Amino acid sequence: MKLARPDLFHPRIVLAGCPALPAGDGDDDGLVAALRQHGLHARWLSWDDPETLDADAVILRAAWDYIDRLDEFLAWTRRVRNLLNAPKVVAWNTDKRYLADLAKAGVTTVPSRFFAPGENVRLPAGEVVVKPAVGAGSIGAQRFTDPDTAHAHAAALQAEGRTVLVQPYDPRIEDGETALVFLGGRQSHAFTKAPMLPRPGKAPVFDESGTYAEETLAAADPDFELWEVGQAALAAAAGHLGIDVGELLYARVDVIGDRRDAHVLELELVEPSLGWRQLDKTTRTRQQRKFALAVESALDRLGLGPLSHRRP
């Protein structure tokens, strides 16, 4: 690759996928070009490719097999030079017990109970959702109305060494979720996700890669009250982790309910889909430019700016 300004430092950036999706799921297809517009050169690699260790910065985007390789994945996050988001953010956010930390900080979340392997699983009355505390793409998540089958699913997860998350099924999910996207800690755009879990006892339908459940998405323009809920979740996460909210290159807050009773369902800081394809071309170009600017800012913070390696 011939560089336009060889006197400037050009960090080697990797967008990290996984073996099944080494170049992402297609939603991020415009990011390489958006970064290039700012003189930032990036390429896609699977996160477990040894060449990621030679990169100056790695941006997690589609590492969706980490749930089955968690120890290996977390060790890798500590080995790469500069990971976005940072390793301690990833370690905290890969386990949905972070929801308890958000609740303690005053964030209104969907009620959640966690049961480690060997613990007796207690179910709330009515329909419930049972899923692994470490999970992505709705893998292992199911709805139940029958307590016996719910307990059996929880026991199967625990037998695999997984901590179980139990939540009451909230009927507001039938109206879908609102996904609030933040870049560099700032409000960017939003989209809606139709309900993913089928009727009780049935598993979701997964894409051909088997790494995530198929979703029905659409653009959205949420009320400011929902954005405030998202901002509160980000602030609580940053406070818990001892970082500035601006250090989060990307974040997605999934919310159910409307402005009167919004609840955080999930806070995604590891490798969430950012819903670029739900935006019209003009908006997508503008917001991906903001993504590139957020990357540029992160590189400056990490000492990887264009003048950082320049000789006098």
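This is a short talk on one asparagine, the nonpolar cores and the enclosed spaces of a predicted model.

Let me start with asparagine 85. It sits in the loop between β4, residues 83-84, and α3, residues 87-93. Is asparagine 85 buried or exposed? Asparagine 85 counts as buried, because its relative accessibility is 0% and the cut-off for buried is under 20%.

What does the side chain of asparagine 85 reach at 2.7 Å? The partner is the backbone nitrogen of leucine 249. A polar atom of the asparagine 85 side chain also lies 3.1 Å from the backbone oxygen of tyrosine 250. If we set aside neighbours within four places in sequence, asparagine 85 is in contact with Val90, Glu247, Leu248, Leu249, Tyr250 and Leu269.

Next, the cores. The largest nonpolar core has 50 residues, and those with the most contacts inside it are Ile59, Leu60, Phe73, Trp76, Phe291 and Val295. At least two residues of this core come from each of β1 (13-17), α1 (31-36), β2 (42-46), β3 (57-60), α2 (70-79), β4, β9 (177-183) and α7 (281-301). The largest share is that of α7, with six residues.

Take isoleucine 59 as an example. Again leaving aside neighbours within four places in sequence, isoleucine 59 touches Ile13, Val14, Leu15, Ala16, Leu84, Leu249, Tyr250, Phe291 and Val295. You have heard two of these names before: Leu249 and Tyr250 are also among the contacts of asparagine 85.

There is a second, separate core of 28 residues, which includes Leu180, Trp227, Ala233 and Ala262.

Now the spaces. The largest pocket holds about 280 Å³. It is lined by 15 residues, and Leu183, Gly184, Arg186, Lys290 and Ala294 are the closest to its centre. Which element gives the largest share of this lining? That is α7, with six residues. Both β10 (186-193) and α7 supply at least two residues each. Sorted by class, the lining has six nonpolar, five polar and four charged residues.

How many cavities of 30 Å³ or more does a search of the whole structure find? There are two. I will describe the second largest, which has a volume of about 30 Å³. Its lining consists of Gly24, Asp25, Asp28, Trp44, Arg61, Ala62, Trp64, Glu271, Pro272 and Ser273. By class, that is four nonpolar, two polar and four charged residues.

To recap one element: α7 gives the largest share of the largest core, and α7 also gives the largest share of the lining of the largest pocket.

Definitions and conventions
Residues are numbered from 1 along each chain as its sequence is written. This is a predicted model: local features need pLDDT of at least 70, side-chain atom pairs count only at pLDDT 80 or more; totals for chains, interfaces and linings use all residues. Side-chain values use heavy atoms; hydrogens and water are left out. Helices (H or I, at least four residues) and strands (E, at least two) are DSSP runs, numbered from the N terminus. Buried means under 20% relative accessible area, exposed over 50%, partly exposed in between (1.4 Å probe, protein chains only). A polar contact is a pair of N or O atoms within 3.5 Å; within protein, one must be able to donate a hydrogen and the other to accept it, and residues adjacent in sequence count only if both atoms are side-chain atoms. Contact means heavy atoms within 4.5 Å. A nonpolar core is a set of buried Ala, Val, Leu, Ile, Met, Phe, Trp, Tyr and Cys residues joined through side-chain atoms within 4.5 Å. On a 1 Å grid over the protein atoms alone, a cavity is a set of points where a 1.4 Å probe fits but cannot get out, and a pocket is an open set with protein on both sides within 12 Å along at least five of seven lines; lining residues have an atom within 4 Å of a point. Grid points are joined across faces, edges and corners, and a volume is the space filled by probe spheres set on the points. Ala, Val, Leu, Ile, Met, Phe, Trp, Tyr, Cys and Pro count as nonpolar, Asp, Glu, Lys and Arg as charged, and the others, Gly among them, as polar.
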